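Here are my notes on the two-chain model you sent round. They are set out as numbered points, with the confidence scores up front.

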Amino acid sequence: MYKYNHFIPLSVYSVKNKDIIPDQWYNIIPDLPEPLSPPRDHDPERSSIDLLNRILPSEVLKQEFTSRRYENIPEEVLRQYEQAGRPTPLIRASNLEKFLNFAGKIFYKYEGATVTGSHKINAAIPQAYYAAQEGVTEIATETGAGQWGTATALSASLNGIKSKIFMVNVSFRQKPLRKRIIEIYGGDVVASPSSLTHYGRQILKNEPDHPGTLGIAISEAVQYTLDNGIRYLMGSVENSVITYQSIIGQEAQKQLEIEGEEPDVLIGCVGGGSNFSGFVFPFMKTDVEMIASAASEVPKFSKGKYRYDLIDTAGILPQLKMISLGADYVPPPIYSGGLRYHGAAPALSMLVNSGRIRTDEVTEEKSREAMQIFARTQGIVPAPESAHAIATAIDYCKNPENTGKTVVMNVSGHGLLDLSIFGD
Amino acid sequence: MKLALYFTFPYPSGETFNKFLNRTMPLNYEYVELGIPTEHPYYDGPVIRKTHGRAREEFSMELLKDTVQTIRETGKKAYALVYCNLFENDADGFMSSMKDAGFNGMILPDLLTDYYSMRRSIASTVSSHGLELIPFFNSTTPDSVIKEILSLTHSWIYFGLQPSTGIRVPLDIQSMYGRIRNLCGEREIIVGFGINNAGIIRDLRKVGFDGIAVGSALIDSMEKNDTVAFDSEIKMLESETHG
């Protein structure tokens, strides 16, 4: 049936959800080609690694430094995943194929089908679940584009706890609907820099209209966590988050297997790297080509350096070895807030640095065109961040060398709350 | 269960260092690790990090040779724990000096991270001087790398339990042990980082580790010149590992 209606998920006809959703997360660390450089302290007088005991839910911290290749997903998390829309569909984009006159196949894994509209719920649910299990009553986090904040707010409510969301000021102003939906889900959202933390107050004193950065918002959320004895949820970059996001790639593997397809290339967008890494890492043992698509305006892959750098601007968290533009880098206020982060996850950075993963950088203008093409062919308005992956995939398909290949891209979210990218 | 004691050499001073080291010499334990001080002990926690600064001021090769000789005379093995940045310009000369000082082998905590591309040549240089290279692994060392380094070495293995020395984050010890034992077979595995009480030692012995390495837990009493607290700590360690 799906041969004639490619808007309908391939998996829905004969396969149950539980056959697609994995019951374990995949941790790539034991399978990396090189050792991952460990986190380093920034301040010689104290251990920021030890400080994580006061910042993260204990089980999350355990999984951050685990050597297990597979981690069992708790039953309750699986139940919440299913309620949140998992498995997300893998859809053949045959209209796009036709539009591009592409002789191969294009599939997309559609993370926009989750209830919060992006992949972010995959990492928010387990962290909120573990926090609640440990008796934590409130969690804090940051959000750039608003998708992580949305997912965190819902996950907190699902697990009976409160959430405080520090939203990057420029996104807070650009995306009032995001703020509203976070509040509907039960989250308490504030613009960052804010007056709630010492670090935020310092910045506002010097620059009252500071646009904010994800690095500053992370710093504020962590500071607020420490000040209030609550726990912090990580949205990207850290290894445990990548592990939680592995559900995307594992589902895609199973869905491709059911369809009898083998991908030639996997394409996804990169901010901190969680959706891309979660999508491609389960395929790492194959020789499939992988392309990470970032924003030209935040040129971490072409201008960034592979080095130890701070996760957060204030330097509260440990340093990680990653491709980075510098923790003090203030990105231009592009609409794709999820791509404005200065660095990329350590394992992803290593694999980019080694050449295993190729990269591309796409301008906001080009991603906007890709949004329109995808909307007009596939009927889905992708998130501006995801449109970077679509733009890279379109270029890939236009290259005659790639004729006949099977392209699989991760559309990490929908853009229905981002329509002002096309103007008022 | 074997016991390895770590000391940054010579902290807090040459005289105090020798006084405390000598108190351990009659005890029943196997290995002494001497940390050769460096400007950037990146992967150590704050307790050991701060020892490197003063130890650099007090360091001398003559004192090091005398100390290693004292250790070797008791039948214990002596290992130099060295960050690779100390010898990146002259690995051959440095290993020669370590052999000359009397060390049995080398523990290089950053070999598989910051100096990964040089791992084979450094391993070759270490062994060309008749020194053992002690593989230094942790939970993030990939399987393929562990297998490669095991094939290049023949000694016991140092397994870093925690992300850095002297700190404790929650860990699944059973799972960590299962993986490293599976990869290392019968090779002796000494586990270090964050081991500071009898309960942890018992847990580590119970899962099957062959020995423990302790360092940070000894620093405070040495700093305070508190021989009573120091003796109490090392006797507890001796008792838990050999009692």
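1. Strand pairing in chain B. Start with strand 2 (residues 31–35) and strand 3 (residues 77–81) of chain B. The two pair in the parallel sense, over five bridges. One register point is enough to place them: Tyr31(B) has Lys77(B) in strand 3 of chain B as its bridge partner.

2. Status and confidence. This is a predicted model. Its scores are ipTM 0.89 and pTM 0.93. Chain B averages a pLDDT of 95, and 100% of its residues score at least 70. For chain A the mean pLDDT is 93, with 96% of the residues at 70 or more. One stretch of chain A needs a flag: over residues 1–7 the pLDDT is below 50. That stretch still has twelve contacts in the model beyond near neighbours in sequence.

3. The whole sheet of chain B. The strands of point 1 belong to an open sheet of nine strands in chain B, in the order 5-4-3-2-1-9-8-7-6. The pairing is parallel. Which strands stand at the edges? They are strand 5 (132–134) and strand 6 (136–138) of chain B, and each pairs on one side only. Neighbouring strands are turned by 30 degrees against each other on average, direction ignored.

4. Helices on that sheet. Helix 1 (residues 14–24) of chain B packs on the sheet and touches strand 1 (2–8) and strand 2 of chain B. The direction of helix 1 makes about 175 degrees with that of strand 1 of chain B. Helix 3 (residues 61–73) of chain B also packs on the sheet, touching strand 2 and strand 3 of chain B. Here the angle is about 170 degrees, taken against the direction of strand 2 of chain B. Strand 2 of chain B is thus touched by helix 1 and by helix 3.

5. Two cis peptide bonds. Most peptide bonds are trans. Check these two. The bond from Phe9(B) to Pro10(B) is cis, with omega near -10 degrees. The bond that joins Tyr11(B) and Pro12(B) is cis too, with omega about 0 degrees. Where do the two prolines lie? Pro10(B) is in the loop between strand 1 and helix 1 of chain B, and Pro12(B) is in the loop between strand 1 and helix 1 of chain B as well.

6. The sheet of chain A. Chain A has an open sheet of six strands in the order 3-4-14-9-10-13, and the pairing is mixed. Strand 3 and strand 13 (358–362) of chain A stand at the edges with a single partner strand each, so one side of each is left without a neighbour in the sheet. Neighbouring strands are turned by 25 degrees on average, direction ignored. Strand 10 (residues 289–295) of chain A runs parallel to strand 13 of chain A, and five bridges join them. Ser293(A) stands opposite Asp360(A) in strand 13 of chain A.

7. A helix on that sheet. Helix 17 (residues 384–398) of chain A packs on the sheet. The strands it touches are strand 4, strand 9 (265–269), strand 10, strand 13 and strand 14 (406–411) of chain A. Its direction makes about 145 degrees with that of strand 9 of chain A.

8. The interface. The contact takes 29 residues from chain A and 26 residues from chain B. The area buried between the chains is about 2,400 Å², and carbon and sulfur atoms give 56% of that. Pro35(A), Arg40(A) and Ser67(A) supply 25% of the area that chain A buries against chain B, more than any other three residues.

9. Polar links across it. There are four salt bridges between chain A and chain B. Arg40(A) appears again here: its side chain meets that of Asp114(B) in a salt bridge (2.9 Å, N to O). The interface also shows 13 residue pairs in polar contact. On the side of chain A, helix 2 (48–55) and helix 3 (58–64) are the elements that give two or more residues.

10. A salt bridge within chain A. The structure holds 34 salt bridges over all chains. One of them joins the side chains of Arg86(A) and Glu111(A) (2.8 Å, N to O). Arg86(A) lies in the loop between helix 4 (75–83) and strand 3 (90–92) of chain A, and Glu111(A) in the loop between strand 4 (105–110) and helix 6 (121–133) of chain A, so the pair ties together parts 25 residues apart in sequence.

11. A backbone check. Val237(A) is not a glycine, but has a positive phi of about 70 degrees. Val237(A) is in the loop between strand 8 (231–232) and helix 12 (239–259) of chain A.

Conventions. Residues numbered from 1 in each chain as written. Chains lettered and ligands numbered in written order. Predicted model: local features only at pLDDT ≥ 70, side-chain atom pairs only at ≥ 80, totals over all residues. Heavy atoms only, no water. Pairing = 2+ DSSP bridges. Helix = DSSP H or I, 4+ residues; strand = E, 2+ residues; numbered from the N terminus. Axes fitted to C-alpha atoms, helices over the stretch in contact; angles between N-to-C directions. Contact = heavy atoms within 4.5 Å. pLDDT = per-residue confidence, 0-100. Buried area = accessible area lost by both parts, 1.4 Å probe. Polar contact = N/O pair within 3.5 Å; in protein donor to acceptor, adjacent residues only side chain to side chain.
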